[in-house]
Structure formats: C-alpha cells, structure tokens
Amino acid sequence: MSDTPFGFGLPPEEPENGDEGKKKDPAGGGPTPGNPFGFGGFGGDGGDNPFAAMFGSLNPNDLGAAFQQLGQMLSYEGGPVNWDMAKQIARQTVSQGTADGTKDESVGPAERTAVEEALRLADLWLDGVTSLPSGASTAVAWSRAEWVEQTLPAWQQLADPVAERVGMAMGGVLPEEMQAMAGPLIGMMRSMGGAMFGQQIGQAVGVLAGEVVGSTDIGLPLGPAGKAALLPLNIEALGKDLGVAKEEVRLYLALREAAHQRLFAHVPWLRSHLFGAVEGYARGIKVDTTKLEDVVGQFDPSHPEQLQEALQQGMFQPEDTPEQKAALARLETALALVEGWVDAVVHEAASTRLTSAGALRETLRRRRASGGPAEQTFATLIGLQLRPRRLRDASRLWASLTDARGVDGRDALWEHPDMLPTATDLDDPDGFVHREHLDFSELDKMLGEAASKDRDSDPGSGSEDDEDGQGGKDGSGR
C-alpha cells in the first residue's frame, strides 16, 4: 500500500530531501515517509492536522492569520492545482535555504556580468560544432527565488494534466443524482485536492531551486523563450568540492545552457512534443476510486484530516495502461535525445578548450544518473521516473552520427520527429548511423523544383495549357 499522495512520491533512495525535511522543520514542516506532504501538528506536537506545513509552528497570536489562510485555501475555486499556494510554499522553501545552510541572495552586478560574458563566449564556441544558430536573445543571472518565479508557468503546464485527472476522480465518485446534493462536499474535496497538490509541487519546486544551475537542467525549456539563464549561487555550490576553477565550471554550464537554447529555439516542434508526451501520460492515468467512494460516504467536513489520511493510504494508484507506457516511452526517449545531443555537442566544444571538461562532463552525468533534479522532480510531480542510462546511449549515438555524417547531417535529423532515433535505435546506434534516412529538406527541395518547372512550362492561357498538356502526354511515350 502506498504512503505517497496520488500514488506519486520521491524515490526512496533519495536521502537529500528526507534529511533536509528533518533538519528544516522538526515540528512537522517537511516531508516524511508517512507524511509526504509535510503536514504535521501545530506547535510541533506531531498531530494529524493537514495544514501545519503552511502555518509553521504557531503561537496563539498566529492563530488568526492561520485560520484566515485556511479559509482562503478551502474557498479556492481555480484549476486542479492551487498555484498561489504552490508559489508561496516554493518561496518559503527557498528562503529557508538548502541543507548545507546556503541561503538565497540577490545576484550582484559582478555576477551578472560574469554570467553574460560566459554565455556569450559559449555561443561563440558552439558556432563551430553545430549548425543550429544561437537561440538566446538574452543572457541573465537568476537568484533561486527568481528561478521559481520564471519557471512556474512551465510547471503549471506539466502538472495540471495529472492533477486534472485526480480532480475529475474526486468529483465523479458519486452517482449523478447525488452530486447536486453533495455539491458543497465535492467542492471542499476539490479545494483540498488542489491545495494538497499545490503544497507538494511548491515544496518540490522550492527544493529544486536550490539544486539547478540554469533554466534547462531537466531537459525541458522551463524559462521564457530565448532567455538563457544561470544561477551563480548554485554554480558555486556545485563546483565547491570539485577542485575546478569557478570560471571553468561557469563556462561549461554556460555551454550546456546555450546548447539547450539552440535546440529549443530552432526545433519548433520539440517543446510541444515533450509537453504533449506528459499530457498523453496524464490522459492514460486510471485512478482507483474504490477507497475514495468509501471516504466520500463517511467524510465529515468538520474533520478534513480524514481526506489527508486517505490520500496517504494510497487512494490514488495510477495504473500501467498502454497509453501511459507509450507516452512514457516517447518522453524518456525524447529527453534522452535532447540531453545526449547537448552532452555530445558541449563535449566537442569544450574538450580542447577547458582542461576540466572531461571531469565536469562525468560529474554532471553522475548527478543525473544518481537521481538528480530531473528524475526526482518528475517522480514527485507527475509520477514519471526517467532512465538516465539512456542519456549515455544517446550521447554515443550523436557522436557517431557526427563522425559518419558531419555536423550538418547530424543536426538535420531535428527537422522532423520521424527522422529522430527511437528507443530501439539507442540499443543499436551503429545500425541507425549507417541506415539510409529520408531527408525531408531534400524532399521539399525536389518538390519545389518540380513545381517551378511546371510553372515555367505552363504560360497560363487555356489554349497553351491544352497544347502543353497534349504535348506532355505525346512525349511521355505512354
């Protein structure tokens, strides 16, 4: 039986979040195995009140504000996720600092200049190793709080489809003739569901803000289009124990950010393809409502913690449907291809210029493979766990394509999703590299030339059309 809300949660082998939660709020403000939303008792008594995570350890003077906030939560009538709450909790999580005691701080002028120069130099280096032009019109340095603000719209697009499925289940467990009578109850349950999703997402995004080094760390374009961003505070934390000069770490990460930006800017179908795979996964979710029906029949509005307890007992168990498996396979393969391409391109650009390029490459690979930001966040928010081993396979495939077809031939595969390698191709990269592929750009060129010839041979008059048409038939030998 699951002890995670909606059947989703962080992988059990992730010690960082668990330790952080314990250190951060012994009174119950952080997630624990039996309490994944981080809900605890008021004043640190370990009770079952599901709203303590929002209010913290209260003294009597805080009760008025606490109940006002509780009323706002229960009166929420927006979408499937209470994003105001998610934003508030993410900001609170950021302000508490990371497990190592590092607090967020505003980015100073010197750091902003250093980031801008690193991204500008990175784009120059990338010009020689990819045919895709620069994709960033702006280079910025963000604090952790700024990263939260700038990426929340993307998180909304990722998480809403899954939350919507859960919300529909909460509203659809009663017979239609009873739903009108139970309207207030259903409304309260939906508000609670939106609040609980908002709390979980806010916590996850807030923790992630303390780890990421740019706007594309998880292989998705989370920030505004055309804006390359780095987080100086997190870059310094990443490089602290590597024994590598901070300038080299910053420049290597700038190369990765700039490479991602080129891909998302000049492959117009890629963003919708990735986000569409997430939505496809959400559409395949089947929520087990048996327990939910029991809870609805016995639900006491004066004890909202009953719903929280039911959620912790695994009320929402996503099933492995064919639709989910297909969408998950598409997403995993697409993300592996994105990350593999960036890895291969950045290595080509940096290996002869940065003495620590190989060490930095391996560090970031291990960071992803050991359950880094991408895997953990997807597992928490949308129930998806990536397979990082595919990233190495994809990187080897892209490097082989460069050797066999050159930079232009390699990058031309991004022109259409049907031209990209599949999961099977990642298992047999040599077979894919040496296989003949239809070049859509050449096909378009041939069609354009054929149309041009037709226009040249067709002056436009009716009599000449007839003569040309007859002449064409006569000369064809048919």
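# A tour that starts at Asp123

Select Asp123: this residue lies in helix 5. The model on screen is predicted. Is Asp123 buried or exposed? Its relative accessible area is 13%, below the 20% limit, so Asp123 counts as buried. Now show what surrounds this side chain. Leaving out residues up to four places away in sequence, Asp123 touches Ser134, Ala258 and Arg262.

**Stop 1: helix 5**

Widen the selection to residues 109-126. This is helix 5, with 18 residues. From first C-alpha to last, helix 5 reaches 26 Å, close to the 26 Å expected at 1.5 Å a residue.

Which residues of helix 5 are buried? Colour Ala114, Val115, Ala118 and Leu119, then Ala122, Asp123, Trp125 and Leu126. Now look down the axis of helix 5. The buried residues fall within an arc of 170°, so they line one face of the helix. The spacing helps to read this view. An α-helix has 3.6 residues a turn, so residues three or four places apart point the same way.

Turn to the other side of helix 5. Here Pro109, Ala110, Arg120 and Leu124 are exposed.

What do the buried residues of helix 5 pack against? Select strand 1 (138-141) and strand 2 (227-230). Add helix 9 (232-239), helix 10 and helix 14. Both of the last two helices get a stop below.

**Stop 2: helix 10**

Select residues 246-266 for helix 10. Helix 10 has 21 residues and reaches 30 Å from its first C-alpha to its last. That is close to the 30 Å expected at 1.5 Å a residue. How many residues of helix 10 are buried? The count is 17 of 21, and helix 10 is mostly covered.

**Stop 3: the nonpolar core**

Go to helix 14, residues 322-350, with the core in mind. The largest nonpolar core has 91 residues. Helix 14 gives the largest share of this core, 13 residues.

Which residues have the most contacts inside the core? Select Trp147, Trp155, Leu270, Trp341, Trp398 and Trp414.

Stay on Trp414 and show its contacts. Residues up to four places away in sequence are not counted here. Trp414 touches Leu263, Val267, Trp269, Leu270 and Leu337. Trp414 also touches Val338, Trp341, Trp398 and Leu420.

**Stop 4: aromatic rings**

Show the aromatic side chains. The structure holds four aromatic pairs. Zoom in on Trp147 and Trp155. Their ring centres are 6.4 Å apart and their planes stand at 65°, so the pair is edge-to-face. The cut-off for that label is over 60 degrees. Both partners are buried: Trp147 has a relative accessible area of 0%, and Trp155 has 1%.

Next, select Trp269, Trp341, Trp398 and Trp414. Ring pairs link these residues into a cluster.

**Stop 5: the loop before helix 5**

Where is Asp104 found? Look in the loop between helix 4 (83-96) and helix 5. Asp104 is partly exposed, with a relative accessible area of 24%. Setting aside neighbours within four places in sequence, Asp104 is in contact with Val94, Ser143, Arg144, Ala145 and Leu233. Now add Gly210. Asp104 and Gly210 are 106 residues apart along the chain, yet their C-alpha atoms are separated by 8.3 Å.

**Stop 6: Asp84 and Tyr281**

Step back to Asp84 in helix 4. Is Asp84 buried or exposed? Asp84 is exposed, with a relative accessible area of 63%. Add Gln199, 115 residues apart from Asp84 along the chain. The two C-alpha atoms are separated by 9.8 Å.

Jump to Tyr281 in helix 11 (residues 270-283). Tyr281 is buried, with a relative accessible area of 8%. Add Glu323, 42 residues apart from Tyr281 along the chain. Their C-alpha atoms are separated by 6.7 Å.

**Last stop: the full view**

Zoom out. How many helices and strands are there? The protein comes to 21 helices and two strands. Of its 478 residues, 50% count as buried. Among contacts between residues at least 6 apart in sequence, 78% join residues at least 24 apart. Switch on the surface to finish. The accessible surface comes to about 21,900 Å², of which 50% belongs to carbon and sulfur atoms.

Conventions
Residues are numbered from 1 along each chain as its sequence is written. This is a predicted model: local features need pLDDT of at least 70, side-chain atom pairs count only at pLDDT 80 or more; totals for chains, interfaces and linings use all residues. Side-chain values use heavy atoms; hydrogens and water are left out. A nonpolar core is a set of buried Ala, Val, Leu, Ile, Met, Phe, Trp, Tyr and Cys residues joined through side-chain atoms within 4.5 Å. Buried means under 20% relative accessible area, exposed over 50%, partly exposed in between (1.4 Å probe, protein chains only). Helices (H or I, at least four residues) and strands (E, at least two) are DSSP runs, numbered from the N terminus. Contact means heavy atoms within 4.5 Å. Accessible areas come from the Shrake-Rupley method with a 1.4 Å probe; for residues, only the protein chains shown count as cover. The expected span of a helix is 1.5 Å times one less than its number of residues. The arc is that of the directions from the helix axis to the C-beta atoms. Rings of Phe, Tyr and Trp (its six-membered ring) pair if their centres lie within 6.5 Å; planes under 30 degrees apart count as stacked, over 60 as edge-to-face and the rest as tilted.
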